[in-house]
Amino acid sequence: MPFGPNGEHVPVRLIDTDQPLNNHLVVTNQWTFQAGPLEKRFDVVFVVNGLPLIIGEAKTPTRSAVTWFDGAFQINQIYERDVPAMFVPNVFSFATEGRLYRYGSIRMPIDMWGPWRDDDNRDEGQMYHVKATLKSMLRPEVALDIMQNFTLFATDKKHRRIKIICRYQQFDTVNKIVARVVAGYPKKGLIWHFQGSGKSLLMVFAAQKLRLHPKLGNPTVMIVVDRIDLDTQITATFNATDVPNMVAVETREELQTLLAQDARKVLITTIFKFAEAGGRLNERSNIVVMVDEAHRTQEGDLGRKMRDALPNAFLFGLTGTPINRADRNTFWAFGADEDEKGYMSRYSFQESIRDKATLPLHFEAPEVRLKIDRAAIDEAFKNLTDELSDQDRDDLAKKAAKMAVLVKNPERVHAVVKHMVTHFQEKVEPNGFKAQVVVFDRECCVLYKQVMDELIGPDASAIVMTTASADPPEWRQYERSKDDEEKLLDRFRDPADPLKFVIVTSKLLTGFDAPILQVMYLDKPMKDHTLLQAICRTNRTFGPEKTHGLIVDYIGIFDDVARSLDFDEKSMHEVVSNIEELRKALPIQMQTCLAFFPGVDRTITGYDGLMAAQQCLPNNDVRDKFASQYTILGTIWEALSPDSCLTPYETDYRWLTQVYESVRPVSGNGKLLWHALGAKTIELINQNVHLDSVRDDVETLVLDAQMLEEILNDKNPGERARKVEIILVARLYKHVGNPKFTELGKRLEQIKERHEKGLLTSLEFLKQILELAKDVVEAEKETDPEEERDRAKEALTELFNEAKNTNTHIIVERIVADIDDIVKKVRFPDWQHTSQGERLVQRELRKTLLKYKLHTDQELFDRAYGYIKQYY
């Protein structure tokens, strides 16, 4: 800046990251931010040299349903949208209710906000845990380290800029790596972080911090991946995050040249560059190597070759699967004697599930299984190895010919694919997720696709496999360039795209990241590392509706989990559990929920039934306990449905759901316990919605003087008030998201609470409820839903008129009417705030556009969807 003598430009450091205490550090509460007429108040703001770097929202746990999530919702959905200027310098935000603490970066979906732990503070749930977390994370040196070294801006698949911030295990591990490099010893370390918990980003953060570290003088950082080609998730992550000075090294000679020139860059190369020739590559000591999927160095002694090539470099090995003691080479190359159990850092599968970094996995074994004698499978298993090319694998398949013949029996192929399609349409598609099919070999890819095409048409599936010039022509048609393959996978990741299945045999089983993928149909023998990496394709988080990954096992791999996942780490046997366990848990959980309502006659419908149930939930405490048990039941139901084991419980489940909905806080508080229903539950409720509707006669109640008088003289005013309250709750839900009605909802809750605490007599309670009912009717008069829908139809008509080509003018009206119809049919209260609601509406919109051959125009789709979101 021109602040030097005679206006010379001199560097100005806004923040001193080397000496954090040199900065002016202020913590303040109730910071008010004014933007025009809008005023927002922030609970806690951490200010460094006048810049608000961290914003915190602390919730009073007045009731158990109010959690950190409500605070995060306030920051993410209200403050960031209403006063974006306040978040320009933001490093991260946090929320707590005194039990749990979660943090996230700007626009990060709330279900991705994570906990912060360190070696001394692993547990949570009490005030003193939150205190310890704050003392650990909100120290100036930690906050500024996160700002400087653990924050990235990336471009996501939809070409939007997003901000990424580290999870605590990445922060901890990177700082351990840096500490070793700064100290110069030990020169290695083995890092086991469970599959899917963010290893690629860990490497980006490490590369970034090592390159900027003042004591290291810009070292050469080398990332070594385990593929023949460099196009892996890691390269994609580095490219997306715009890491400067990154070079992909294609040949060993190029690697030698770059190291000899002392290139201070981030080099990405493959492990096979070390297999090609022995001998020294470079003796410098300021080379830091990070090896992905380090267990692969076991093969062909690659670990030793690597150490010979770079005798003085730092070697850090990362792996998503545990290393067995028998893999001596891996421990020799990366395990430091100083590290307990050989690992410098470990982040287990249990930890990643507890932190919600990944999801639990279930498997199910369907009836149409391949009943092969054990001997044929063992023959195939014996020759199973990791490091084969596709070509070798096909030769191997010839060896396992006995099994291949059985697998490819046309009757069996037809039965298996039919099962896959039915299972997918019933269990997976309703929630908007997608599927990966893993088959025996490349011939199977083609056979399965042919059957699938007959059943659901060619657009629903695609094969991704390698092809060679000697292959038969029907295989060669699936040849794709890298670019085309990436485009295809982006279509697969898009919820609105009709592509539902990818069929593979060896591609996309490691490093393939598609959070929308929930189910893997597994029809190929695999074991250990390969199996664990493959099934973990389904464990990525994807919005609140995705509660688990699912493996449908057609071969019987999981008949003996201990044999298929044969690791010294016995906890690996728990990585995947039988969906049968959920079937067993269902009746127990159902009883737990029904136990809240002793003696209530569940056959009574309408008001009286709901009122009897509500009497058993007399206050917020009991209601919240019921909500948390119902949430567990709902998760089990959504995971199993449709399933004949649910039939005997349907009536009770529907009844519990109606009770849950009738006591859900209308103010929108307590979003973790009181949430939108799952897609299959909604379907169940809608099938029977006509059975026991509650008569809604609020208008007559508040507008007819004679009736009012009768009500106020009622012998049992409390009961009368509860009837009106049930109607009001349903009424207010129709206007979810409208601030005017949210305020009325808060009023209803306050009146209820005062009555429950004995501060209002039943008569006063009734009077206040009627007063509120009057205000609700008034507010509804001012917002005319017909008018809203007309506005939507006008906006859509205008949009399609703009977009029309020669043949659309006649049908614009039909398109708009169709959209209006489907949206009315599939939407439900608050759908805009659930990813499953959004997917449902997007899918139907895409179908309508397809009908009129307008489905290829992405901009048209985006704008139409925008109007629907706004007006419906």
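## A helix pair and a parallel sheet

Helix α20 (residues 580–594) and helix α22 (residues 620–640) have axes that come within 10 Å and cross at roughly 150°. Because angles over 145 degrees count as roughly antiparallel, α20 is roughly antiparallel to α22. Please keep in mind that this is a predicted model. Here is a quick tour of this helix pair, followed by an open sheet of seven strands.

**The α20–α22 pair**

- The crossing of these two helices, α20 and α22, is left-handed.
- On the α20 side, the contact is made by Leu582, Arg583, Ala585, Leu586, Gln589, Met590, Thr592 and Cys593.
- From α22 come Phe626, Gln629, Tyr630, Ile632, Leu633, Ile636, Trp637, Ala639 and Leu640.
- Sorted by character, the residues where α20 meets α22 comprise 13 nonpolar, three polar and one charged.

**The sheet**

- Its seven strands pair in parallel, in the order β10-β11-β9-β12-β13-β8-β14.
- At the edges sit β10 (246–248) and β14 (345–347), each pairing on one side only.
- On average, neighbouring strands of the sheet are turned by 15° against each other, direction ignored.
- Within the sheet, β12 (residues 287–291) and β13 (residues 314–319) are joined in the parallel sense over four bridges.
- Met290 has Phe316 in β13 as its bridge partner.

**Helices on the sheet**

- Helix α4 (residues 168–183) packs on the sheet and touches β8 (188–193), β12, β13 and β14. The direction of α4 makes about 175° with that of β8.
- Helix α5 (residues 199–212) also packs on the sheet, touching β8, β9 (220–225), β11 (266–270), β12 and β13. For α5, the direction makes about 175° with that of β12.

Terms used. Residues numbered from 1 in each chain as written. Predicted model: local features only at pLDDT ≥ 70, side-chain atom pairs only at ≥ 80, totals over all residues. Heavy atoms only, no water. Pairing = 2+ DSSP bridges. Axes fitted to C-alpha atoms, helices over the stretch in contact; angles between N-to-C directions. Contact = heavy atoms within 4.5 Å. Parallel < 35°, antiparallel > 145°, perpendicular 65-115°, else oblique. Left-handed = near helix turned anticlockwise from the far one by under 90°. Nonpolar A, V, L, I, M, F, W, Y, C, P; charged D, E, K, R; others polar.
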